[in-house]
Amino acid sequence: MVKERLLILVKKIALVLSIGLGYAFFVQKTGISIPCMFYKVTGFYCPGCGVTRMCLSLMKGDLIRAFHYNMGIMICLPILAWIGFQEMISYVKEGKRKKKRRNEILLWLMLSGLLLFGVLRNLPSFSWLAPIGST
């Protein structure tokens, strides 16, 4: 049963990675990416503005540039990766998601932090939080 769950997990991860890499390849070759509708409608940066460019920079190993595209998400990435890893281990071993209060609190704190980040990056005094090479 563990091997079956591991295989399912590997297939899901492979699918997500394939879609992500396909999108990245498309963006790199065409220069066309999915625009932020929030930015298009309001003119304000959402907490996710700059994520495509951040991911492309991460793929090139340019952590500094990735950080400047979206530092809010970059700060959350290691924590999200750790929580995701714990969830995957729990799923493979036990066949279900094991809810941990600590992880739920961390996720709520990150969500709150990202919402605050989304507000601050639009204020003139915090313009340094806006994605470089703005959309």
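How far apart are the mean positions of the positive and negative charges of the chain? They sit 5 Å apart, with 18 positive and 5 negative charges going into the two averages. Lys and Arg count as positive, Asp and Glu as negative, with His and the chain ends not counted; each charge is placed at NZ of Lys, CZ of Arg, CG of Asp or CD of Glu.

A quick note before the views: this is a predicted model, where local features need pLDDT of at least 70, side-chain atom pairs count only at pLDDT 80 or more, and totals for chains, interfaces and linings use all residues. Residues are numbered from 1 along each chain as its sequence is written, and side-chain values use heavy atoms, leaving out hydrogens and water.

**View 1. The helices of the chain.** The chain has six helices and zero strands (DSSP runs numbered from the N terminus: H or I of at least four residues for helices, E of at least two for strands). Its C-alpha atoms fill a box of roughly 55 × 40 × 30 Å along the principal axes.

**View 2. The largest nonpolar core.** This core has 12 residues, among them Met-54, Tyr-69, Ile-83, Phe-117 and Leu-129. Such a core is a set of buried Ala, Val, Leu, Ile, Met, Phe, Trp, Tyr and Cys residues joined through side-chain atoms within 4.5 Å, buried being under 20% relative accessible area with a 1.4 Å probe, protein chains only. Two or more residues each come from α4 (63-69), α5 (71-94) and α6 (101-120), and α5 gives the largest share, five residues.

**View 3. Around Ala-66.** Leaving aside residues up to four places away in sequence, Ala-66 touches Met-54, Ser-57, Leu-58 and Met-74 (contact: heavy atoms within 4.5 Å).

Definitions and conventions: Buried < 20%, exposed > 50% of the residue type's maximum accessible area, 1.4 Å probe, protein only.
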